[in-house]
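Me: I am new to this structure. Could we go through it in questions and answers?

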Amino acid sequence: MSTVPTGVAMRDVRAQLFDAAERILLRDGPSALTSRAVTTEADCAKGVLHRHFADFDDFLAELVHDRIERLEHQAAALRLSAGTGTVVGNLSDALTDLFGTVAVAIVSLVTFRDELRARLRRIRPTGVPLLAEATTMIATYLEDERERGRVAATADVEVLAPTLIGAGHLLFADRKGVAPQPEAVTKVVTTVIAGVLTD
């Protein structure tokens with residue numbers, strides 16, 4: 001009789017399924033994401049996903065939460081960069097790290113699936129999941145730089161942060177196109193924050 005994996009083995013299965021879902025999202029978009037597609041991509045039995053998750057939307061909600069947790073590590077690294085390098089460089093790297101991977105596809109997925117969006121709303125009633133946390137990450141970093149004097153004391157970080165996230169999202173949004181060059185990201189960041197830089 002088979003048993004449901006526990007402990008490390010179960011976490012490995014979850015990670016394997018999440019990574020498979022990401023690959024499908026990046027390659028084929030949210031419309032191609034089904035439970036069968038995920039288990040096929042992960043090269044595991046079809047029933048594995050349903051042994052670990054109540055249903056497919058539960059799996060997708062957990063995927064989004066997992067990626068939000070990863071963003072917390074990026075936010076910590078960005079805060080550590082405050083006072084080093086350049087503000088434009090740090091923000092450009094942060095936007096590239098955020099949108100150059102799976103964030104744009106996750107946002108598309110949330111938009112595409114009504115039931116997933118409803119489930120996420122129960123925990124995060126405002127904002128678009130991932131983008132809301134990313135906006136907080138950028139705002140916190142700008143506050144840190146404002147305290148260090150590299151961003152003007154009058155800078156409205158609550159306006160600058162969503163502006164940067166929105167501009168970054170649009171820049172990277174063409175999933176099938178060529179990724180924007182670093183110079184293009186730098187130009188967007190510079191345009192948004194040039195008026196508040198003090199160095």
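Reply: The expected span of a helix is 1.5 Å times one less than its number of residues. Keep that in mind for one of the helices below; the model is predicted.

Me: How many helices and strands are there in the protein?
Reply: Read along the sequence, the pattern is α-α-α-α-α-α-α-α-α-α. No β element appears in that pattern. The count is 10 helices and 0 strands.

Me: What span should H9 have at 1.5 Å a residue, and how far apart are its end C-alpha atoms?
Reply: Helix H9 covers residues 157–172. Its 16 residues should span 22 Å, because the rule is 1.5 Å a residue, taken over one less than the number of residues. The distance between the end C-alpha atoms agrees with this: 22 Å.

Me: Within what arc do the buried residues of H9 fall, seen down its axis?
Reply: The buried residues of H9 are Val-157, Leu-160, Ala-161, Leu-164, Ile-165, Gly-168, His-169 and Phe-172. Seen down the helix axis, they line one face of H9, because they fall within an arc of 160 degrees. An α-helix has 3.6 residues a turn, so residues three or four places apart point the same way. The arc asked for is 160 degrees.

Me: Which residues are exposed on the other side of H9?
Reply: Exposed means over 50% relative accessible area. On the other side of H9, the exposed residues are Glu-158 and Leu-170.

Me: Is His-169 buried or exposed?
Reply: His-169 sits in helix H9. The cut-off for buried is under 20% relative accessible area. His-169 has 18% relative accessibility, so it counts as buried.

Me: Which residues is His-169 in contact with, leaving aside neighbours within four places in sequence?
Reply: The cover over the buried residues of H9 includes helices H5 (87–99), H6 (103–112), H8 (131–147) and H10 (182–193). With sequence neighbours within four places left aside, the contacts of His-169 are Phe-99, Val-104, Val-107 and Leu-131.

Me: How many of the 10 residues of H6 are buried?
Reply: The buried residues of H6 are Ala-103, Val-104, Ala-105, Ile-106, Val-107, Leu-109 and Val-110. H6 is largely enclosed by the rest of the structure, because so many of its 10 residues are buried: 7.

Me: What share of the residues of the protein count as buried?
Reply: The protein exposes about 10,300 Å², and carbon and sulfur atoms supply 55% of that area. Of its 199 residues, the share that counts as buried is 43%.

Note on methods
Residues numbered from 1 in each chain as written. Predicted model: local features only at pLDDT ≥ 70, side-chain atom pairs only at ≥ 80, totals over all residues. Heavy atoms only, no water. Helix = DSSP H or I, 4+ residues; strand = E, 2+ residues; numbered from the N terminus. Buried < 20%, exposed > 50% of the residue type's maximum accessible area, 1.4 Å probe, protein only. Contact = heavy atoms within 4.5 Å. Areas by Shrake-Rupley, 256 points an atom, 1.4 Å probe, with all protein chains shown as cover. Arc of directions from axis to C-beta.
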